[in-house]
Amino acid sequence: MRADLPTPLDARERPTARRATAVAHPNIALIKYWGKRDEHLVLPRVDSLSMTLDVFPTTTSVRLAPEAGQDVVTLDGRAADGEALRRVVDFLDLVRARAGTTHRAVVDSENTVPTGAGLASSASGFAALAVAAAAAYGLGLDATALSRLARRGSGSASRSVFGGFALWHAGPPEPATAEEADLGSYAEPVPTGDLDPALVVAVVDAGPKPVSSRTAMRRTVDTSPLYEPWASSSKADLAEMRTALLAGDIEAVGQIAERNALGMHATMLAARPAVRYLAPATLTVLDSVLELRRDGVPAYATMDAGPNVKVLCRRADAARVAEAVQAAVPAGSVHIAGPGPGARLSGEGGR
Ligand code: 2P0
């Protein structure tokens with residue numbers, strides 16, 4: 001249970017790979033994470049549950065550079081700067097503290113999804129970075145400890161450590177120590193029944209979001225009168241979701257996911273000032289989803305910190321759903337995703 005804590009081993013005695021490459025996929029939450037109770041430790045206010053996708057992987061390599069005076073970070077072929085660089089360096093500082101070393105690193109990360117557009121690029125990004133950095137610095141962490149570590153980079157990354165469906169525990173509400181708080185918040189795989197799901201991803205706008213999800217969730221918690229009611233209803237949603245997943249009941253899974261997402265967006269719309277990620281094209285896709293349901297196709301929508309829509313359906317219906325969504329937003333791009341693998345070192349099988 002304490003595998004993610006620094007050990008007293010001298011850094012010189014640690015087996016260090018020095019270089020590692022990892023691949024991780026984004027995940028889409030069916031029960032949303034929105035709101036933190038500790039920004040430093042990235043502890044959420046609510047449990048969340050997601051499906052890791054089999055599309056849009058991020059590949060990240062970390063190479064220790066003992067000779068370098070600072071970390072060098074390249075994101076999609078460009079030198080990172082500003083907030084993006086700071087977040088990666090802060091994360092590496094955490095890994096270095098655990099490894100007992102001050103060695104800087106060269107990080108190279110390639111996303112196959114637009115960054116910062118509400119398509120979970122920070123989830124795949126920090127999950128891949130956690131796995132690659134932990135290996136390069138020789139931390140020897142198990143999957144649970146990697147999930148806790150990935151959480152420190154971006155909350156939703158804790159879930160991308162695992163494939164399929166994953167539940168991220170918020171952890172004990174009143175931990176006695178920071179260590180107890182940290183240990184209690186990690187993701188784990190969720191059992192499901194006979195379910196053959198797809199998520200049809202409708203990218204209606206691939207541009208970066210106007211307000212970061214970090215800022216938006218802080219403002220929502222601080223000012224939205226709808227936040228607490230949503231957070232408590234989300235607990236009930238999670239319990240029902242677990243039952244629906246076990247039963248392989250895609251209609252119930254979809255209904256719960258859709259109401260949970262719309263409720264989350266309602267909390268943001270009621271924030272002061274309002275945070276509105278939903279765009280006209282988002283509503284056009286939501287209308288097409290309603291029409292699919294009227295035609296007897298079980299299809300349900302979820303949206304994150306951006307205008308793009310992910311439609312949950314049976315895999316057997318995915319082509320029809322994709323066609324309907326594409327017809328609704330001809331300028332958008334539509335992708336069909338299934339459940340994908342957990343984060344892994346290149347050359348390993350997924351978790
Ligand atoms: C989620 N989102 O559960 C929710 C739903 C967006 C809407 O997790 O501040 O990038 O780095 O912990 O993980 C986006 O937030 O936020 C997110 P930080 P993150 O997927």
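By a polar contact I mean a pair of N or O atoms within 3.5 Å. Keep that in mind, since I'll start with the ligand. One caveat before that: this is a predicted model.

Okay, polar contacts first. Serine 122 has a polar side-chain atom 2.9 Å from an oxygen atom of the ligand. Arginine 214 does something similar, with a polar side-chain atom at 2.8 Å from a ligand oxygen. And then there's serine 213, where the distance from a polar side-chain atom to an oxygen atom of the ligand is 3.4 Å. With the 3.5 Å limit I just gave, that pair still counts as a polar contact.

So how much of the ligand does the protein cover? On its own the ligand has 460 Å² of accessible area, and the protein covers 94% of that.

Now the wider shell. There are 18 residues around the ligand, and the closest are Tyr33, Lys36, Ser154, Gly155 and Ser156. If you sort the shell by type, you get 7 nonpolar, 5 polar and 6 charged residues. Which element gives the most to that shell? That's helix α6, residues 213-223, with 3 residues.

Let's zoom out to the domains. The protein chain splits into domain 1, residues 11-193, and domain 2, residues 197-337. Their C-alpha centres are 24 Å apart. As for the contact, domain 1 puts in 34 residues and domain 2 puts in 47. Why does the ligand lie between the two domains? Because domain 1 and domain 2 both give residues to the shell around it.

Next up, a sheet. Here 6 strands make an open sheet, and the order is β8-β7-β9-β6-β1-β16, with mixed pairing. At the edges you find β8 (78-79) and β16 (344-345); each has a single partner strand, so one side of each has no neighbour in the sheet.

Walking through some of the pairs, let me take β1 and β6. Strand β1 is residues 19-24, strand β6 is residues 58-65, and they pair antiparallel over 6 bridges. If you want a spot to click on, arginine 19 has arginine 63 in β6 as its bridge partner.

Then there's β7 with β9. Is that pairing parallel or antiparallel? Strand β7 (residues 72-75) and strand β9 (residues 104-111) pair in the parallel sense, over 4 bridges. Valine 72 sits opposite valine 106 in β9.

On to β7 and β8. These two run antiparallel and are joined by 2 bridges, and threonine 74 has alanine 79 in β8 as its bridge partner. The two strands form a hairpin with 2 residues between them. In that turn, aspartate 76 has a positive phi of about 50°.

While we're on backbone angles, a couple more for anyone setting up a calculation. Valine 42 isn't a glycine, yet its phi is positive, at about 55°. You'll find valine 42 in the loop between β3 (36-38) and β4 (43-44).

Last one: where is the cis peptide bond I want to show you? It joins arginine 272 and proline 273, with omega at about -5°. Proline 273 has its place in the loop between α8 (250-269) and α9 (280-294).

To come back to where we started: the ligand lies between domain 1 and domain 2, with serine 122, serine 213 and arginine 214 each placing a polar side-chain atom by a ligand oxygen. That's my bit, over to you.

Methods
Residues are numbered from 1 along each chain as its sequence is written. This is a predicted model: local features need pLDDT of at least 70, side-chain atom pairs count only at pLDDT 80 or more; totals for chains, interfaces and linings use all residues. Side-chain values use heavy atoms; hydrogens and water are left out. A residue is near a molecule or strand if one of its heavy atoms lies within 4 Å of it. A polar contact is a pair of N or O atoms within 3.5 Å; within protein, one must be able to donate a hydrogen and the other to accept it, and residues adjacent in sequence count only if both atoms are side-chain atoms. Accessible areas come from the Shrake-Rupley method with a 1.4 Å probe; for residues, only the protein chains shown count as cover. Ala, Val, Leu, Ile, Met, Phe, Trp, Tyr, Cys and Pro count as nonpolar, Asp, Glu, Lys and Arg as charged, and the others, Gly among them, as polar. Domain bounds come from an automatic or database domain assignment. Two strands pair if DSSP finds at least two bridges between them. Contact means heavy atoms within 4.5 Å.
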